[in-house]
Amino acid sequence: MEKSKTLVPHKDIEHAEPSKLEKYLGEFVYGGIDGCVTTFAVVAGSVGAGLDSAIIIILGFANLLADGFSMSVGAYLSSKSERDNYSKHRKREYWEIKHMPEDEKEEIRVIYQEKGFDGELLDQVVETITSDRDRWVDVMMKDELGMMKDHKSPLIIGFVTYISFISIGLIPLLFYVWDYFQPIEQDLFLLTSLLTGLGFIIIGLLKTYVNETKMWKGALETLFLGAIAAVVAYYVGDILEQLLSK
């Protein structure tokens with residue numbers, strides 16, 4: 001004998017709220033990767049072109065501050081645009097529910113029919129959802145429009161992106177700054193490459209926490225991409241230096 005289906009009342013499932021560090025870790029990781037890659041590319045290109053250490057420092061810091069600001073503003077505007085777009089569509093759904101309730105109720109019915117509900121259970125689901133206007137709008141936003149509210153602050157997203165870009169992007173310049181005040185006998189670019197490689201590995205490990213992928217894969221992937229960018233920049237600088245010096 002087939003068991004009758006009953007609708008279980010909706011209950012909020014408690015989830016552990018992530019800390020602010022965890023909440024914005026993704027922005028920190030991708031800002032850091034971009035900062036480290038672009039600054040190391042500037043250093044590598046400058047070395048390839050045979051530029052003096054002082055010029056490398058100037059170009060590196062100019063790139064670090066300007067590109068970091070540009071990226072953080074882009075992250076802020078993108079997040080704010082998504083939030084404004086969500087708010088606009090949510091207001092539209094409230095308007096449609098108020099002025100076209102039967103049409104909107106039918107849309108809920110269709111949505112849950114496609115999920116496998118039918119008969120009395122489907123009727124009960126539809127009535128339960130449409131009895132609360134906020135819940136009704138939440139369902140329409142998620143299941144009809146595929147939109148979910150992002151609770152992260154656009155301002156904090158931009159700030160974290162800038163801080164990570166600057167702090168991680170500073171790594172390729174550290175030995176050159178050190179050498180400027182106290183000369184280093186060893187090969188500066190080799191030391192910089194090793195330190196930057198370590199930075200790529202660390203930020204790659206943090207990326208695996210965000211993406212929930214294997215640690216070795218994230219670390220090697222980030223290191224590989226950084227190395228490719230540096231090699232390209234180095235040889236572009238070398239080729240241009242040869243062409244322009246003729």
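Buried means under 20% relative accessible area and exposed means over 50%, with partly exposed in between (1.4 Å probe, protein chains only). The views below show a predicted model, in which local features need pLDDT of at least 70 and side-chain atom pairs count only at pLDDT 80 or more, while totals for chains, interfaces and linings use all residues. Residues are numbered from 1 along each chain as its sequence is written, and side-chain values use heavy atoms, with hydrogens and water left out.

**View A. The two sides of helix α8.** Helices are DSSP runs (H or I, at least four residues), numbered from the N terminus, and strands are runs of E with at least two residues. Helix α8 spans residues 174-181, and its buried residues are F175, Y176 and D179. Seen down the axis of α8, these buried residues fall within an arc of 100°, so they line one face of the helix. That arc is taken from the directions from the helix axis to the C-beta atoms. Turn to the other side of α8 and you meet Y180 and F181, which are exposed.

**View B. A cluster of phenylalanine rings.** Rings of Phe, Tyr and Trp (its six-membered ring) pair if their centres lie within 6.5 Å; planes under 30 degrees apart count as stacked, over 60 as edge-to-face and the rest as tilted. By this rule there are four aromatic pairs. One of them joins F40 and F189, a stacked pair with 6.0 Å centre to centre and 20° between the planes. This pair links distant parts of the chain, with F40 in helix α2 (residues 25-48) and F189 in helix α9 (residues 188-211), 149 residues apart. F40 also pairs with F200, here edge-to-face, at 6.4 Å centre to centre and 65° between the planes. F200 is likewise in helix α9, 160 residues from F40. Ring pairs thus link F40, F189 and F200 into a cluster. F40 is buried, with a relative accessible area of 6%, and F200 is buried at 2%.

**View C. A lysine over a tyrosine ring.** Have a look at K115, whose charged end sits over the ring of Y112, 5.6 Å from its centre. A charge sits over a ring if NZ of Lys or CZ of Arg is within 6 Å of the ring centre and within 35 degrees of the ring normal.

**View D. A salt bridge between buried residues E27 and K152.** A salt bridge is a side-chain nitrogen of Lys or Arg within 4 Å of a carboxyl oxygen of Asp or Glu, and the structure holds five of them. In the one between E27 and K152, the closest N and O atoms are 2.9 Å apart. E27 lies in helix α2 and K152 in the loop between α6 (133-144) and α7 (154-169), so the pair ties together parts that are 125 residues apart in sequence. E27 is buried at 16% relative accessible area, and K152 is buried at 18%.

**View E. Salt bridges from helix to helix.** D138 and R90 meet through their side chains at 2.9 Å, N to O. D138 is in helix α6 and R90 in helix α3 (residues 53-99), 48 residues apart. Of these partners, D138 is partly exposed at 39%, whereas R90 is buried at 17%. The side chains of K105 and E127 form another salt bridge, at 3.8 Å, N to O. K105 lies in helix α4 (residues 101-114) and E127 in helix α5 (residues 119-130), so this pair ties together parts that are 22 residues apart in sequence. K105 is partly exposed, with a relative accessible area of 23%, and E127 is partly exposed at 45%.
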